[in-house]
Amino acid sequence: LVEPGLIGTTEGASLGAVAWIVLGGGATAGFASAVGLTGAAFAGAVVATAAVVALSGPRGRLDGALLLLAGVALTAILGALTGLLLFGADDAALRD
């Protein structure tokens, strides 16, 4: 059974969204903010998934075991980066 959390897609989207909010993208108002947040989350998910596929498929072949191992490792790394961004953020950035 496969779910996006196993290959890092969910954590990549979380990192993209948190980076958008913490680094000032959340200060924009209205429709631009919603589109930017969604775009950042989507871009983070795509980059994370592409990184896992690149790590697990040398020479153009995907290995299922390597896909899962790379996904779990990247999920841990991206989760740590998300926590680091949240730790370093000021309250004003998180409330906007």
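**Figure 1. The whole chain, with its buried share.** Of the 96 residues in the chain, 29% count as buried. The model is predicted. The chain has four helices and zero strands. Along the sequence, this reads as α-α-α-α. The C-alpha atoms fill a box of roughly 45 × 25 × 25 Å, taken along the principal axes. The accessible surface comes to about 6,000 Å². Carbon and sulfur atoms own 73% of that surface. Now look at the contacts with a separation of 6 or more: residues 24 or more positions apart account for 66% of them.

**Figure 2. Helix H3, end to end.** Helix H3 covers residues 64-88. How far apart should the ends of H3 be? At 1.5 Å a residue, its 25 residues should span 36 Å. The end C-alpha atoms are 36 Å apart, so the model agrees with the expected span. Five residues to find in H3 are Ala70, Gly71, Leu74, Leu78 and Thr82, which are buried. An α-helix has 3.6 residues a turn, so residues three or four places apart point the same way.

**Figure 3. The largest nonpolar core.** Which residues make up the largest nonpolar core? There are seven: Ile7, Leu15, Ala48, Val52, Ala70, Leu74 and Leu78. Helix H2, residues 31-56, supplies at least two of them, and H3 does too. The largest share, three residues, comes from H3. In soluble globular proteins, nonpolar side chains tend to be buried together.

**Figure 4. Leucine 78 and its contacts.** Leu78 is one of the core residues. Set aside its neighbours within four places in sequence. Leucine 78 is then in contact with Gly8, Glu11, Gly12, Leu15 and Ala48. Two of these partners, Leu15 and Ala48, are also listed in the core.

**Figure 5. Threonine 82, a buried residue of H3.** Threonine 82 lies in helix H3. Is threonine 82 buried or exposed? Its relative accessible area is 8%, so threonine 82 is buried, the cut-off being under 20%. Which residues does it touch, leaving aside neighbours within four places in sequence? Threonine 82 is in contact with Glu11, Ser14, Leu15 and Val18. Glu11 and Leu15 also appear among the contacts of leucine 78.

**Figure 6. A nonpolar patch on the surface.** Ile77, Leu81 and Leu84 form this patch. Together they have about 290 Å² of accessible area. Isoleucine 77 sits in helix H3. At 49% relative accessibility, isoleucine 77 counts as partly exposed, because exposed means over 50%. Leucine 84 is also placed in H3. Its relative accessible area is 56%, so leucine 84 passes that cut-off and is exposed.

**Figure 7. Isoleucine 77 and glycine 12.** How many residues apart in sequence are isoleucine 77 and glycine 12? The separation is 65 residues. In space, C-alpha to C-alpha, isoleucine 77 and glycine 12 are 9.8 Å apart. Glycine 12 also appears in Figure 4, as a contact of leucine 78.

**Figure 8. Isoleucine 21 and arginine 95.** Isoleucine 21 is placed in helix H1, which runs over residues 9-22. With a relative accessible area of 28%, isoleucine 21 is partly exposed, because the value lies between the 20% and 50% cut-offs. Isoleucine 21 and arginine 95 are 74 residues apart in sequence. In space, their C-alpha atoms are 9.1 Å apart.

Notes: Residues are numbered from 1 along each chain as its sequence is written. This is a predicted model: local features need pLDDT of at least 70, side-chain atom pairs count only at pLDDT 80 or more; totals for chains, interfaces and linings use all residues. Side-chain values use heavy atoms; hydrogens and water are left out. Helices (H or I, at least four residues) and strands (E, at least two) are DSSP runs, numbered from the N terminus. Buried means under 20% relative accessible area, exposed over 50%, partly exposed in between (1.4 Å probe, protein chains only). Contact means heavy atoms within 4.5 Å. A nonpolar core is a set of buried Ala, Val, Leu, Ile, Met, Phe, Trp, Tyr and Cys residues joined through side-chain atoms within 4.5 Å. Patches are made of residues with over 30% relative accessible area and no salt bridge: like charges are joined within 9 Å, nonpolar side chains (Val, Leu, Ile, Met, Phe, Trp, Tyr) within 5 Å. Accessible areas come from the Shrake-Rupley method with a 1.4 Å probe; for residues, only the protein chains shown count as cover. A salt bridge is a side-chain nitrogen of Lys or Arg within 4 Å of a carboxyl oxygen of Asp or Glu. The expected span of a helix is 1.5 Å times one less than its number of residues.
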